[in-house]
Amino acid sequence: MDKLFAIIVSLYTAISLFLGTAGSADYEKTTGLKEAIDALFSKKEILNTKYVGDVSTYTWDPSDAFTLDDTVILTKEKGKDFVVLNLTDTHFADYDYRAFTAFDVETKIKTLVASVKPDLITVSGDIVCTDSTYYAVRRFTDLMESFGIPWAPFFGNHDDEGNCDLNFLADIMMSAPNCVMSKGDPEMGVGNYIVNIAEEKGDGTLNIVESLIIMDSHRSQANEKQVEWFRWAADGINKISDNNAEISLMFHIPLPEYQYAYDAAWDSEEKRWREDYNAFGECNEKICCERNADGEPLQRGFFDVIKKSGSAKYVFCGHEHLNNFSIEYEGVRLTYCLKIGMSSGYKFSFSGGTEIRIGDEGINRISHKSVAFGPVITLENIAI
């Protein structure tokens with residue numbers, strides 16, 4: 001019944017959508033409608049083909065010197081907030097009902113971008129899903145590119161479940177001029193890269209304010225090489241910025257500490273957050289971190305490395321569709337970003353994005369922006 005409702009609403013929404021998307025003049029664009037028609041005529045061929053992208057030739061070694069040349073640098077105007085809009089779990093697909101619900105997601109994303117006016121859009125995984133994503137990734141790429149601003153995607157557990165592998169999906173998105181994604185070392189997965197938000201100083205040099213370390217969490221947690229890469233990157237950022245830059249991590253699946261933070265911060269008897277944790281938001285489903293055979297959160301030591309970095313103050317994830325809590329835990333704020341759209345687990349008000357505002361000294365506000373009712377409504381708003 002929920003799927004039928006989602007399709008009906010999405011079909012209604014689709015009527016109001018214009019057919020084309022705007023973007024850079026030299027970027028070859030398609031439309032959701034055209035792709036849907038093409039997909040119907042070529043469904044058998046598409047489903048029976050496995051699309052494999054190019055494996056990155058980049059290799060990372062702990063002995064490598066850290067330089068800003070290997071990172072993306074976006075300029076922030078001094079005295080003015082740099083605004084990041086995070087989207088997560090868009091779940092575009094070629095053929096099942098999500099091909100219809102994507103019309104609703106497209107409209108909601110356009111509404112959010114028009115309201116938030118971000119300088120950067122980050123996308124925390126499960127961008128596409130189901131058996132066929134050949135057209136869906138193009139549809140999503142066209143949508144993101146239509147805004148004409150930088151966007152930084154990374155993958156979740158559903159992205160490669162269909163006929164396109166992660167490298168193929170990355171190749172399509174990275175072909176767009178405004179996509180800042182890098183694949184990174186293939187031994188660490190697909191999509192491990194750094195986006196630095198920096199201010200220009202009077203002498204022409206850069207002052208890094210916020211460093212977004214983006215990681216492929218695979219279907220569980222970062223692997224050992226990724227953890228070492230993060231340690232190396234954090235040390236390099238600390239050295240270059242004289243320990244003044246703040247670091248935020250972004251990946252799809254929550255760390256086990258999300259469970260520990262919730263257990264510590266939530267007073268189950270009083271049904272409220274305990275004051276010491278500066279927590280907000282809701283937990284409406286099981287925290288889907290990696291767990292052992294007994295169901296307990298599985299520790300791999302990454303959180304300890306994050307804490308020891310000294311400058312990593314924020315972790316943002318997606319993955320769960322009914323959780324949007326944010327908790328300050330052992331010096332690090334752990335935040336679920338707000339899921340968008342109606343597919344794959346849905347609570348009506350939980351449809352939107354997360355605004356992250358970066359001031360001259362780092363993040364100063366995190367807000368969940370719902371578009372479930374049409375206009376943008378702030379669900380949660382926390383000043384740091």
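Analyst: Welcome! Let us begin with a term: a residue is called buried when its relative accessible area is under 20%, exposed when that value is over 50%, and partly exposed in between. Please keep in mind that this is a predicted model.

User: Thanks! Which residues make up the covered face of strand β1, and which the uncovered one?

Analyst: Strand β1 spans residues 72–75. Val72 and Leu74 belong to its covered face, while Ile73 and Thr75 belong to the uncovered face.

User: Which strand is joined to β1, and how many bridges join them?

Analyst: The partner is strand β5, residues 193–200, and four bridges join the two. They run parallel. To see the pairing on screen, find Ile73 in β1 and look across to β5, where Asn196 stands opposite.

User: Now strand β10. Is it largely enclosed or open?

Analyst: Here the cut-off for buried does the work: under 20% relative accessible area. Five of the six residues of β10 (residues 312–317) are buried, so the strand is largely enclosed by the rest of the structure.

User: Which strands are joined to β10?

Analyst: Strand β7, residues 246–250, is joined to β10 by four bridges, and the two run parallel. Within that pairing, Met250 has Phe316 of β10 as its bridge partner. Strand β12, residues 332–336, is also joined to β10 by four bridges, again in parallel. In that second pairing, Tyr314 stands opposite Arg333 of β12.

User: I noticed Arg333 there. Which residue forms a salt bridge with it?

Analyst: A salt bridge brings a side-chain nitrogen of Lys or Arg within 4 Å of a carboxyl oxygen of Asp or Glu. For Arg333 the partner is Glu328, with the closest N and O atoms 3.7 Å apart. Arg333 is buried, at a relative accessible area of 3%, whereas Glu328 is partly exposed, at 38%. Elsewhere, Lys76, Lys78, Glu199 and Asp360 are joined into one network by salt bridges that share partners.

User: How many salt bridges does a search of the whole structure find?

Analyst: The search finds 17. One of them links Asp171 and Lys183, whose closest N and O atoms are 2.6 Å apart. Asp171 sits in helix α6 (residues 166–174) and Lys183 in the loop between α6 and β5, so this pair ties together parts that are twelve residues apart in sequence. Asp171 is partly exposed, with a relative accessible area of 26%, but Lys183 counts as buried at 8%.

User: And where in the structure are Asp304 and Lys307?

Analyst: Both are in helix α9, residues 302–308. Their side chains meet in a salt bridge, at 3.8 Å from N to O. Because they are three residues apart in the helix, about one helical turn separates them. Asp304 is partly exposed, at a relative accessible area of 39%, and Lys307 is partly exposed too, at 33%.

User: Let us turn to aromatic rings. How many aromatic pairs are there?

Analyst: The general idea is that a pair of aromatic rings is described by the distance of the centres and the angle of the planes. In this model the count comes to 20 aromatic pairs. Tyr262 and Trp273 form one that is edge-to-face, at 5.8 Å centre to centre with 85° between the planes. Tyr262 lies in helix α8 (residues 257–265) and Trp273 in strand β9 (residues 272–273), so the pair ties together parts that are eleven residues apart in sequence. Both residues are buried. They also belong to one aromatic cluster, together with Tyr258, Trp266, Phe325 and Tyr336.

User: Which arginines lie over the face of a ring?

Analyst: Arg138 lies over the face of Tyr134, at 4.0 Å from the ring centre. Arg139 lies over the face of Phe92, at 5.6 Å from the ring centre.

User: One last feature: how many disulfides does the structure hold?

Analyst: A disulfide is a covalent bond between the sulfur atoms of two cysteines. This structure holds zero.

User: Why is Cys289 without such a bond?

Analyst: Its closest cysteine sulfur is in Cys288, and at 7.9 Å that is too far for a bond. The cut-off for a disulfide is 2.5 Å between the sulfur atoms. Cys289 is buried, with a relative accessible area of 7%, and another cysteine, Cys179, is buried at 10%.

Key: Residues are numbered from 1 along each chain as its sequence is written. This is a predicted model: local features need pLDDT of at least 70, side-chain atom pairs count only at pLDDT 80 or more; totals for chains, interfaces and linings use all residues. Side-chain values use heavy atoms; hydrogens and water are left out. Buried means under 20% relative accessible area, exposed over 50%, partly exposed in between (1.4 Å probe, protein chains only). Two strands pair if DSSP finds at least two bridges between them. Rings of Phe, Tyr and Trp (its six-membered ring) pair if their centres lie within 6.5 Å; planes under 30 degrees apart count as stacked, over 60 as edge-to-face and the rest as tilted. A charge sits over a ring if NZ of Lys or CZ of Arg is within 6 Å of the ring centre and within 35 degrees of the ring normal.
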